[in-house]
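Colleague: I'm new to reading models like this one, and I'd like a close look at a single part. Could you walk me through the big sheet?

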Amino acid sequence: MGMFWLLAFILWQIIPTQAAITVGGGGVGINIGNAGGGGAGVWIGGGINNGPTPSSPSVSKLTTAYTALQAWKSAITDDPLGILKTWVGSDVCSYKGVFCAGPGPFVAGIDLNHANLQGSLVKELSVLTDISILHLNSNRFSGTVPDTFKDLSSLQELEISNNRFSGPFPAVTLYIPNLVYLDLRFNSFSGPVPEDLFNKRLDAIFLNNNQFEGELPQNLGNSPASVINLANNIFSGNIPASFGIASSKLKEILLLNNQLTGCIPQGIGLFSEMQVFDVSHNSLMGHLPDTISCLSDIEVLNLAHNKLSGVLPDLVCSLGSLMNLSVAYNFFSGFSQECSKLSFRKGGFDFSLNCLPGRDMQRPQPECLVIPGGGLSCLRIPSARPLVCGALLGNLEVNVTSTSP
């Protein structure tokens, strides 16, 4: 027993926090943490109580986790792979798909991807305040995200794609304080997307393959995210004219297969780190903005299946990083020398079904007599001088401000 007291004294001396030392069952317990609770628990010794004291934070956290996980288990109605057969007993760290970390230990993550579970999420899961990842893709969960999830203060990744969730955008996700990765893909969420989503400090936003509708929020380009995927929904209206003005670090944006109209805004050229820009399968009109030539890192530029017109300029086709360019099924009537060179490359470049004279696989001539959106006035930088990408921001801010109501 003297050795236990010595080790306890040493730990107490080297740890700069308040510590409570308890004795029982032939051992010494040190409960380390700030006054009022919290912190780590250390148990030294043997005897009958060879484990944490009942008041240890590790015991209370795992007991709370046990209660929450059993409540969730009760809400799961089908488990064809037998995942939950391991969810028996109080040792939650041994449950399949549940991951613990220490000291403590505590539940740090849940990964049940491809488990094919059927059921719903339960409010009790919000007590897992140490959890940093919740991955549930490719299951059959339905309902929505409980409002209590706002209490998941450590959660960084919420991945619930490819399920059967429905209802409006789960607004509770906006109040999860440390969330950086939000994946709602392949569900049946519907209605508008709130502007606050693009003010939140997220790095990845995946909303594709749902039934979201309405206009794109005006602050879309304000998001600090590197990836935004809004494809395969029912969004309508214009891409916001201010898109790009905030000069975010966006690398990929996918808006394909919606019902967007109007012009591609000049601000697109301000995304200097953009690698993928896909607005295919919409009803965008007008000429391409010259600012697209400022996308020096662009690798995939997909403008196919729209109603774009005018001349496809050298500035676009000479982009050095470009590996995939598709403008098929539009109404382009002019073709520059650089674009002509690309058309002879194998794969990755598609100029078919336009109105390009002398080119194969173009629209029938009668379809080219009336250009959709021919009278559409797109916001463009009025300048006779060559485009200087570095000077874009000031010019665009002036133009956007002057056209605001």
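Which residue of β12 stands opposite Glu157? And please show me how that spot fits into the rest.

Modeller: Sure, but keep in mind that this is a predicted model. Glu157 stands opposite Tyr181 in β12. Glu157 belongs to strand β10, which covers residues 157-159, and β12 covers residues 181-183. These two strands run parallel, and three bridges join them.

Now step back from that pair. β10 and β12 sit side by side in an open sheet of twelve strands, and the full order is β5-β6-β8-β10-β12-β14-β16-β18-β20-β22-β24-β26. The pairing in this sheet is mixed. As background, strands of a sheet pair through backbone hydrogen bonds, either parallel or antiparallel. The edges of the sheet are β5 (98-101) and β26 (349-350). Each of them has a single partner strand, so one side of each is left without a neighbour in the sheet.

Let's follow the sheet to the β5 edge. There, β5 pairs with β6 (residues 106-111) in the antiparallel sense, over four bridges. If you want one residue pair to find on screen, try Phe99: its bridge partner in β6 is Gly109. β5 and β6 form a hairpin with four residues between the strands. In that hairpin, Gly104 takes a positive phi near 155 degrees.

There's also an annotation that reaches into this corner. UniProt, in an unreviewed entry, places "domain: Leucine-rich repeat-containing N-terminal plant-type" at residues 67-100. In the model, that span is 24% helix and 18% strand, and its end C-alpha atoms lie 16 Å apart.

What about the protein around the sheet? It has five helices and 26 strands. Of its 405 residues, 46% count as buried. Take the contacts between residues at least 6 apart in sequence: 47% of them join residues at least 24 apart. The protein exposes about 18,800 Å², with carbon and sulfur atoms supplying 55% of that.

Last, a word on confidence. The mean pLDDT is 82, and 77% of the residues reach 70 or more. Over residues 1-55, though, the pLDDT is below 50, and this stretch has 85 contacts in the model beyond near neighbours in sequence. Residues 381-385 also have a pLDDT below 50, with seven such contacts beyond near neighbours in sequence. Where pLDDT is low, the predicted coordinates should not be read in detail.

Note on methods
Residues numbered from 1 in each chain as written. Predicted model: local features only at pLDDT ≥ 70, side-chain atom pairs only at ≥ 80, totals over all residues. Heavy atoms only, no water. Pairing = 2+ DSSP bridges. pLDDT = per-residue confidence, 0-100. Contact = heavy atoms within 4.5 Å. Buried < 20%, exposed > 50% of the residue type's maximum accessible area, 1.4 Å probe, protein only. Areas by Shrake-Rupley, 256 points an atom, 1.4 Å probe, with all protein chains shown as cover. UniProt positions renumbered as here; feature names shortened; annotations may be inferred.
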